[in-house]
Structure formats: C-alpha cells, structure tokens
Amino acid sequence: MTGALPTAASLYERVRRVIPPVEWPAFTNDIEAILALKRDRNAVILAHNYQTPEIFHCVADIVGDSLALARKAATVEAQIIVVAGVHFMAETAKLLNPNKTVLIPDLSAGCSLADSITAEDVRLMRQRYPGVPVVTYVNTSAAVKAESDICCTSGNARAVVESLGVPRVIMVPDEYLAINVAAETEVEIIAWKGHCEVHERFTSADIRELRDAHPGVIVLAHPECPPEIVAEAEFSGSTAAMLDYVEREKPPRVVLLTECSMSDNVAVAHPEVEFVRPCNLCPHMKRITLANIRVALEENRHEVRIDPGIAGRARRSVERMLFI
C-alpha cells in the first residue's frame, strides 16, 4: 500500500454522526497505528457490516455482508488478511486464500449458528435423507462446509437452493432462514434447528411497539429472524439487501431488525434517513476491537489454519456458491 495516510480529522468526518466527539480521541492512536501497519505489512482488513463504525469506516479496506466478503476475499492481492468478523468468516477467507496469512484478532469471536451443528450432524442428516443434497449457510465451520454440497448466504440462499434442480434439499443450520426461503420456492426444504442469538430475539410485539412509537416507520428484517417477523416487515433481506433498500427507497424513517452496528454504519452514508435503533448486540462481533486488530497486525495474532483434508472439500462448497 502506498500514498499518504488519512488524517484523524478526515476520518472523523466520516463517522461524526454516530461517534460523539468526546469518544473519538480514544480511537485515534490505534487507528493511526493500524493504517501504518497495513501499509508496512502489505495487509488488508475485511470488516463485516456488524462491526462498529470506527472499524467499519476508518480502518477497513473491504466491507460487506458474508457474501460480499467471500467474493472479495477471493480477489485480495495483499499477503496478510485481517478479518474483523467472527471465526467462520476468517476460515472462509483462508479457504479462498490458502497461501496467504489470515488473522482473526480474537479467537473467541464465534457464532451461535456455527456452534449449533457439527460435521457429524451433517453426516447423520445424509444418512437419514439419502441422496438429498446439503445446502450449508456460510455461518458454519470449515468442517461442516466440507460435508456439504454447496454453501449459501442469506442473500443468495433461494438462488442456491433452486440451482440444484432437485425437489428437496437439506438446509443447515439456520431453521428460520430455511423456513423463510421455503416460503419463496417450490423446493421442499428440510431444516436444522439452529438459530442466531441476535435475530431470534425479535418478536412481533417489538414491531407493533415500534410502529406505535414511531408512526410511519419502515421495518426491514433479516431472514434469520423468525418467520412471523419477516411476514410483518415491509422488507426482508440480507444486510447488503437492507443497505440497497435504504439507498434505493430512502425511507424517511426506518428500523433494521438486525445487529446494532448495522444501523450505525448505514446511517453514516444516509443523513437524510432517520434510523430507529432498537436492536440486538452480537457479543461475538463485539469481541473485535481496534486494539486487538492492532495487536493482530503487530504480532501476527491469531493465524487461521485449516486441516488440508478439510480445506479442499470446504473450498469446493464455497466456490460452488461463488460460481452461482
């Protein structure tokens, strides 16, 4: 990486609507150090939409939802990739960049969905439903991906399911995503009972209270939410689809039923939109901080490694998704 580094003042202009001035000085030293380390070490940072604004808007090079990060990770030229996200995202980046160094700042940044299923569970599902292909959400470990036919994200799940040209599929691990996709396709979907601890907590009562308190609010729901939430929302889609909706429709007042930082990150680019912010925090995403991103770059902490016997089969499942 070459060229002059951004100044703290110029970076603050990006996020001044969502980070109070009194908080900004606590971030500047780490931000400046990270920017210099990226340049000196030929490194890039991939940040998920659920990262906090000082990470998402000030140090990240590539941002987006799981699908966007997977696609862009496959084209990264830098030798070092730091994933500001959870562990399965770092594994996916490593699968697509086997000869590069992939770092995750905190090894304990996990995922309730990824933890809800094992490779052995997938093998047992195959035994129970012989010949039925397995579509696996990217929110899973590399070992689970290796037992699957193809991966999907919330943004392309229906397209992936229908691409297989079969009457029914097994879809793991998110039960609500599977049910919501099943409502949009004629393919029969056999679901696993995994849930996202962020999205499963939203209720229909939450939506009614939001509409009472904020007349005219437009409700956007992530498809990991329960089906009754998706049914009551004006729009349901992946985090990228939510962003597209806000950019396209520019609703005067909107609520995003997803992780808290998503609203902050979208609000930065849309000062004309009022964002109502009842949301749920992902404790795993919030384990990633500027401080541990800096340490990851300084000390090569923590490098992601995947067993070669697993990596090849898992990579095939991810690449089949990206081809679609």
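**Exercise 1. Classify Arg 126 by its accessibility, then describe its salt bridge.**

Step 1. Arg 126 has a relative accessible area of 27%, so this residue is partly exposed. The classes are buried under 20% relative accessible area, exposed over 50% and partly exposed in between, with a 1.4 Å probe and protein chains only. The model is predicted: local features need pLDDT of at least 70, side-chain atom pairs count only at pLDDT 80 or more, and totals for chains, interfaces and linings use all residues. Residues are numbered from 1 along each chain as its sequence is written, and side-chain values use heavy atoms, with hydrogens and water left out.

Step 2. Arg 126 and Asp 149 meet through their side chains in a salt bridge, 2.9 Å from N to O. The term requires a side-chain nitrogen of Lys or Arg within 4 Å of a carboxyl oxygen of Asp or Glu.

Step 3. Place the partners. Arg 126 lies in helix α7 (residues 119-128), and Asp 149 in the loop between α8 (142-146) and β6 (150-152), so the pair ties together parts 23 residues apart in sequence. Helices (H or I, at least four residues) and strands (E, at least two) are DSSP runs, numbered from the N terminus.

**Exercise 2. Describe the salt bridge of Lys 193 and Glu 175, and say which parts it ties together.**

Step 1. The side chains of Lys 193 and Glu 175 meet at 2.9 Å, N to O.

Step 2. Lys 193 sits in the loop between β8 (188-191) and α11 (204-213), and Glu 175 in helix α10 (residues 175-182), so parts 18 residues apart in sequence are tied together.

Step 3. Lys 193 is exposed, with a relative accessible area of 66%. Glu 175 counts as buried at 13% relative accessibility.

**Exercise 3. Set the salt bridge of Arg 248 and Glu 249 beside the salt-bridge network.**

Step 1. Arg 248 and Glu 249 form a salt bridge of 3.1 Å, N to O. Arg 248 is exposed at 52%, and Glu 249 is partly exposed at 43%.

Step 2. Glu 120, Arg 123, Glu 147 and Arg 313 are joined into one network by salt bridges that share partners.

Step 3. The whole structure holds 20 salt bridges.

**Exercise 4. Work out how α5 and α16 pack.**

Step 1. The axes of helix α5 (residues 87-96) and helix α16 (residues 308-323) come within 9 Å and cross at roughly 90 degrees. Axes are lines fitted to C-alpha atoms, for helices over the stretch in contact, and angles run from 0 to 180 degrees between N-to-C directions.

Step 2. α5 is therefore roughly perpendicular to α16, a class that spans 65 to 115 degrees; under 35 is roughly parallel, over 145 roughly antiparallel and the rest oblique.

Step 3. Contact means heavy atoms within 4.5 Å. On α5, Thr 92, Leu 95 and Leu 96 take part; on α16, Ala 311, Ala 314, Arg 315, Val 318, Glu 319 and Leu 322.

**Exercise 5. Give the strand order and edges of the sheet that contains β7.**

Step 1. This open sheet of 4 strands has the order β6-β5-β7-β8, with parallel pairing. Two strands pair if DSSP finds at least two bridges between them.

Step 2. β6 and β8 stand at the edges with a single partner strand each, so one side of each lacks a neighbour in the sheet.

Step 3. The twist averages 35 degrees from one strand to the next.

Step 4. Strand β7 (residues 168-172) runs parallel to β8 and is joined to it by 4 bridges. Met 171 stands opposite Ala 191 in β8.
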